[in-house]
Amino acid sequence: MESCNCIEPQWPADELLIKYQYISDFFIALAYFSIPLELIYFVKKSAVFPYRWVLVQFGAFIVLCGATHLINLWTFTMHTRTVAIVMTTAKVFTAVVSCATALMLVHIIPDLLSVKTRELFLKNKAAELDREMGLIRTQEETGRHVRMLTHEIRSTLDRHTILKTTLVELGRTLALEECALWMPTRTGLELQLSYTLRQQNPVGYTVPIQLPVITQVFSTNRAVKISPNSPVARLRPIAGKYVPGEVVAVRVPLLHLSNFQINDWPELSSSTKRYALMVLMLPSDSARQWHIHELELVEVVADQVAVALSHAAILEESMRARDLLMDQNVALDLARREAETAIRARNDFLAVMNHEMRTPMHAIIALASLLQETDLTPEQRLMVETILKSSNLLATLINDVLDLSRLEDGSLQLEFGTFNLHSVFREVLNLVKPIVSVKRLLVTLNLAPDVPEYAIGDEKRLMQTILNVVGNAVKFSKEGSITITAFVAKSESLRDSRAPDFFPVPSDNHFYLHVQVKDSGAGISPQDIPKLFTKFAQTQSTKNSGGSGLGLAICKRFVNLMEGNIWIESDGIGKGCTAIFLVKLGIPERLNESKFPFMPEVPATHGQANFPGLKVLVMDENGVSRMVTKGLLVNLGCDVTTVSSGEECLRMVSLEHKVVLMDVCVPGKDGYEIAIRIHEMFTKRHERPLIVALTGNTEVTKDNCMRVGMDGVILKPISLDKMRSVLSDLLEHRVLFEAM
């Protein structure tokens, strides 16, 4: 019999306790063996768990613990030494594994704790994200309400409708019990209840604008919670006992107040008077409170109302400006029509008066010139010469008035052509020579070598300008000399400080002609010089000389048309005067005579040349003018036939007639048509008489006459000397177009 190495119990064994321990160890061992199976299943199924080896080690520890409890079942009875050794070995292994596991857990626990920390962080972030998502949803909801309110507010540009719509939409969106708008009064010292949500007719009572609650709201652009007992929050009558809802107020900027107030509110400039006050009240007897997103909604709506009101104000201003502009346009159109009517009436009047005045002037000058050819006493001759001078002065005045009218309405156009520039100056000298001889004045013409013989421009207007300036010098000089100087202006001398608006532009195809007329006459006061170029304005010297005040005014306009400038210089009364002007003229391409049409130089006089036997047909519907023209021609030896109508002219014209003088403004047939018919009657040019328009109507232009085949135009009135010169030039050159 083997010896027993069991330990003798120190105390007597209680079989019942031993039985319970036995059962407990069995179940402990069973549990210990089942836990590793579960860990093995977890490790197998978990592909991402980072501590598999720890679980294996922990499983081994549990298995060993279970084995220890299982082996311990055999120790409750007598057991062998082998059992004791196995039990000891199991406990040793269990101790080793448990220590290793404990040491390993020391390293693992911080990692596990950090994982737990991250888990808590992620949970907090998730909660925060949930809150942000809730806020975003709230903001989206608020934005939707704002867009809806903005659309409703901006659906109209009537300012009263905007304010009423704002209250209605806010009340519906926020489920308000009351919403009201307080507007500044005329004085700006009070706020008046102007719009409410529930009341159809606002009560209209006022509160001082200096109340602390109003000052508080006006000092910020945020919605401010105010006491329900505040004066601006007492929007509903107190009926029974109830708990008033929360009230907020917000300022509404008012950019334009002129049409907001019932009694035509004025614009307010003070900072405390630029706002209206909007008050919003939640339902009474409710626990509802204002949320942040609702307050933000109210603030945004207040800003949108301000923008809509500014747009409405701008629209109203633009509508008023448009209406005013339309009224101004109507007035301008009416004024334009009246001006056009006045201009047409003036032109018609001038045209009629010009023609009607030239006809009697033609008779006076012609008869006076015929009378001058008879035997007269010195007194009679003096009177006839006075009549001629006065008639010529009146004819000049008629021409000046007509030219000025055409210049002012823009109907006068320059007629450009190539002409002999030197001849223009010589012709001016020939025209003033009779008066110069009477006054015994010395007139000198100095043409610089650089002045070209031929130029391109309006010969008639240039001659008229030079003649007017030289004529003034002759008129205002009782003695002494007159010097006419002409040269081509250099580039550096074109600009003049006295003419800041004159901007000459030199070019290779043009040049600026500088003309200076200096006299030793009466002179002029420096302060009177600006008046010289004003129409109908006269200085003391012009009044004494009988001037009309039109000559230099017309010259200035002619010079401006020729892109030039004119001015007067004088040192004072009695010290003479110098007239200077610049005009722009063209340079012909080739300076050879074959390039230019024949341009005659009008001689100073044709002597006493007569035309015996020259058959002339005169057509004029005015009997006096017809008789006067015939008298002039008869005095020159012509055989004259007169007719009064176009039909009679066509019947009387024949091969014997060398010249036909006709007034194109005759009743019945058009004068131009008569000229065409005469051309048709004579197929050969040398057989056809020369057709010349002798008219007092300045509307008869050179172009119109040339278009129908006329050979010349002569403007009434005409004297005996002028008729002699006209016939001489006409027969010599077979063409004569007097400058109109």
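Hi everyone, let's start with the charged side chains: Asp-333, Arg-336, Arg-337 and Glu-340 are linked in a network of salt bridges. Before I go on, please keep in mind that this is a predicted model.

How many salt bridges does the count come to? It comes to 15. I'll walk you through a few of them.

One is between Glu-128 and Lys-125, where the closest N and O atoms are 3.9 Å apart. These two residues sit 3 apart in helix α3, so about one helical turn separates Glu-128 from Lys-125. A quick reminder on helices: with 3.6 residues a turn, residues three or four places apart point the same way. As for the surroundings, Glu-128 is partly exposed at 32% relative accessibility, and Lys-125 is partly exposed too, at 40%.

Another salt bridge joins Asp-323 to Arg-322, with 3.6 Å between the closest N and O atoms. Here Asp-323 is partly exposed, with a relative accessible area of 35%, and Arg-322 is partly exposed at 43%.

Now please scroll along to helix α16. Which residue meets Arg-724 in a salt bridge? That is Asp-721, and the N to O distance is 2.9 Å. Both residues belong to α16 and are 3 residues apart, about one turn of the helix. Is Arg-724 buried or exposed? At 4% relative accessibility, Arg-724 counts as buried, because the cut-off for buried is under 20%.

Let's stay with α16 for a moment. This helix covers residues 720-733, which is 14 residues, and at 1.5 Å a residue it should span 20 Å; the C-alpha atoms at its ends are indeed 20 Å apart, so the two values agree. Several of its residues are buried, including Leu-720, Met-723, Val-726, Leu-727 and Leu-730. The buried set also takes in polar or charged names such as Ser-725, Ser-728 and Asp-729. Right after the helix comes Arg-734, which has a positive phi, near 55°.

On to the strands. Take β18, residues 712-715: which of its residues are buried? Gly-712 and Ile-714 are buried on one side, and Val-713 and Leu-715 are buried on the other, so both faces of this strand are covered. That fits the general picture, in which side chains of a regular strand alternate between the two faces of the sheet. The strand β17, residues 690-695, runs parallel to β18, and 4 bridges join them. If you want a spot to click on, Thr-695 has Leu-715 in β18 as its bridge partner.

Strand β12, residues 565-569, is worth a look as well. Of its 5 residues, 4 are buried, so β12 is largely enclosed by the rest of the structure. It is joined to β13, residues 577-586, by 5 bridges, and these two strands run antiparallel. Within that pairing, Ile-568 stands opposite Ala-579 in β13.

Next, the aromatic rings. How many aromatic pairs does a search of the whole structure find? It finds 2. One is Trp-182 with Tyr-205: the ring centres are 5.4 Å apart and the planes are at 75°, so this pair is edge-to-face. The pair links distant parts of the chain, with Trp-182 in strand β1 and Tyr-205 in the loop between β2 and β3, 23 residues apart. Trp-182 is buried, with a relative accessible area of 0%, whereas Tyr-205 is partly exposed at 31%.

Then there is Phe-218 with Tyr-275, which form a tilted pair, 5.5 Å centre to centre with 45° between the planes. This pair also links distant parts of the chain: Phe-218 is in helix α5, Tyr-275 is in strand β6, and they are 57 residues apart. Here Phe-218 is buried at 8% relative accessibility, and Tyr-275 is buried at 9%.

Finally, let's go out to the surface. Which residues make the nonpolar surface patch of about 250 Å²? They are Leu-129, Met-133 and Ile-136. Met-133 lies in helix α3, residues 81-153, and is partly exposed, with a relative accessible area of 37%. You have met α3 already, since Glu-128 and Lys-125 are in that helix.

That's my tour, and thanks for listening!

How values were computed:
Residues numbered from 1 in each chain as written. Predicted model: local features only at pLDDT ≥ 70, side-chain atom pairs only at ≥ 80, totals over all residues. Heavy atoms only, no water. Expected span 1.5 Å × (residues − 1). Buried < 20%, exposed > 50% of the residue type's maximum accessible area, 1.4 Å probe, protein only. Pairing = 2+ DSSP bridges. Patch = residues over 30% accessible without salt bridge, like charges linked within 9 Å, V, L, I, M, F, W, Y side chains within 5 Å. Areas by Shrake-Rupley, 256 points an atom, 1.4 Å probe, with all protein chains shown as cover. Salt bridge = Lys/Arg side-chain N within 4 Å of Asp/Glu carboxyl O. Phe/Tyr/Trp six-rings, centres within 6.5 Å; stacked < 30°, edge-to-face > 60°.
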